[in-house]
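This briefing looks at how nonpolar side chains gather in one structure, and then at the surroundings of a single strand. Please keep the sequence and the model in view while reading.

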Amino acid sequence: MSNIYHILAKSPAVEREDMYLELEALAQKLLDSGLLRIAADDRCNFVHYSRPYESISMMFSQREIREPELVKKTRAIIRQRLAMHHKFAEMSRSGLEKIVEEDFARLLALDEKNIPLEDGHDIRLARLLVQSTHSAVTSLLIAEGVEVFVSFSHNIGDMLNMRQWQKAGNNNGMQSTQGEDCAIYVSCGGNPFFTGDAKRHSGDGEAAMARMMIIAAQEMGHYADIKRDHEGRHVGRFSADSNMRHPSAEVKRARLLDIHNVSKVVEKLDHEMLQQMKEAERQIKFYEKYQVSSGKIKALTKQAQMLRQRFVKQARQRGYGFLAQLPQQERYGSHVGMMLSDMKENLSPYAAAYLDDDPDAEEAVACAEALARVPQQVIKWGHAVTKAMMPNLYLIYYGQVTPACIAAYEAISGQKYQMRFTKPKNRASTWFKKWFGKKA
């Protein structure tokens with residue numbers, strides 16, 4: 001079974017009035033930073049700054065070349081990169097500045113050719129991103145100036161330069177944490193905000209929204225895995241050594257224990273009852289599709305409901321009450337089976353790129369992948385289920401990794417990390433105040 005990309009534990013907020021106030025502020029901060037680069041089919045909000053002969057290849061968002069406060073930083077980056085090359089190292093300050101101005105003008109001309117994003121797409125994507133991971137990870141990402149690329153395509157190829165494209169153009173997502181390439185890349189496989197009939201992608205709409213958040217959770221999980229010293233400098237990983245040749249003993253042990261835990265859960269569940277429930281659900285789906293025998297559908301639905309009640313009761317008696325906290329799905333039996341397979345898949349992820357002649361190096365990659373997939377599983381199945389299914393990795397990620405991100409954010413930003421979750425005001429109350437000028 002391959003990784004699942006279409007299920008979310010809960011529907012995310014997309015509009016401002018549905019967001020926690022602090023998360024809305026964080027989404028706006030991400031947007032204002034200029035770090036978010038979006039490729040929305042034929043629309044785009046970033047430009048490519050390229051000087052092949054000087055080995056310079058960078059992306060700048062529209063905000064970074066248009067908004068005064070960000071423009072200063074962009075010019076400084078271009079100036080610094082040019083000055084690093086021997087061709088410009090001995091050049092006079094005025095001569096270098098002239099080239100900076102010419103290159104910056106070229107970026108503005110490129111931006112003029114871009115078709116602007118649809119109104120509101122950028123902030124909506126920012127909202128989905130901040131809901132895809134722990135807020136400390138997003139805060140640190142902004143503080144470190146990490147670029148975030150989001151594409152509506154099925155892979156990240158349209159956001160990469162040629163060198164990156166040759167290596168990773170077909171990836172669903174990617175994270176790069178070295179030098180100038182420090183970035184997060186996420187593909188949606190469609191337009192997350194599409195409504196209507198004229199689809200451009202088969203995955204448009206809710207499927208694209210789920211895929212985006214799941215991939216973003218995993219890639220930002222890899223980013224969070226980085227260990228930093230007291231000054232915020234990268235010094236290694238929680239999951240493995242800095243060269244990814246040896247796994248962390250603690251994470252290796254946690255992964256193996258969690259694999260055993262998933263196997264134990266699968267073994268102790270009543271397979272016969274689960275299979276009966278899945279079969280009843282399969283038949284209901286068949287009869288509904290072909291609109292036959294409404295009486296049969298009612299009988300099968302009642303049977304499936306009874307089986308579910310018995311299954312949940314039995315699961316509670318065996319210490320697996322967390323199964324009752326799975327997101328409510330019409331096909332509960334199929335959902336349970338899918339969750340069990342998905343947990344197993346993500347604790348022992350397989351890809352040709354993960355294989356290595358050195359068993360230690362292969363285990364290091366497996367540990368890094370499994371730890372980064374903890375937040376991904378939370379996005380899909382919720383905290384209660386993920387904590388119960390992979391308790392050891394969950395404890396490392398939320399007990400060590402995220403607190404380390406908080407400490408790093410405070411060291412880099414010089415600010416105290418604070419995150420409360422204040423619910424937005426009731427929309428009916430807001431509407432009442434707007435029209436009647438008094439509190440509802």
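**Nonpolar cores and strand β1**

Once its neighbours within four places in sequence are set aside, Leu 323 is in contact with Leu 269, Phe 311, Ala 315, Tyr 332 and Met 339. The model is a predicted one, and the points below first place Leu 323 in its core and then turn to strand β1.

**Cores**

- The largest nonpolar core holds 90 residues, and those touching the most other members are Leu 129, Leu 141, Phe 311, Leu 323, Met 339 and Met 389.
- Helix α9, which covers residues 206-224, gives the most to this core, contributing 12 residues.
- Apart from this there is a second, separate core of 15 residues, with Tyr 49, Phe 60, Val 71 and Ile 99 among them.
- In soluble globular proteins, nonpolar side chains tend to be buried together.

**Strand β1**

- Strand β1 spans residues 36-40 and is mostly covered, with five of its five residues buried.
- Leu 36, Ile 38 and Ala 40 point one way from β1, while Arg 37 and Ala 39 point the other way, and all of them are buried.

**Pairing of β1**

- With strand β5 (residues 147-151), β1 pairs in the parallel sense over four bridges, and Val 148 in β5 is the bridge partner of Leu 36.
- With strand β2 (residues 43-44), β1 runs antiparallel and is joined by two bridges, Ala 40 standing opposite Arg 43 in β2.
- The hairpin of β1 and β2 has two residues between the strands, and in this hairpin Asp 41 takes a positive phi near 60°.

Methods:
Residues are numbered from 1 along each chain as its sequence is written. This is a predicted model: local features need pLDDT of at least 70, side-chain atom pairs count only at pLDDT 80 or more; totals for chains, interfaces and linings use all residues. Side-chain values use heavy atoms; hydrogens and water are left out. A nonpolar core is a set of buried Ala, Val, Leu, Ile, Met, Phe, Trp, Tyr and Cys residues joined through side-chain atoms within 4.5 Å. Buried means under 20% relative accessible area, exposed over 50%, partly exposed in between (1.4 Å probe, protein chains only). Contact means heavy atoms within 4.5 Å. Two strands pair if DSSP finds at least two bridges between them.
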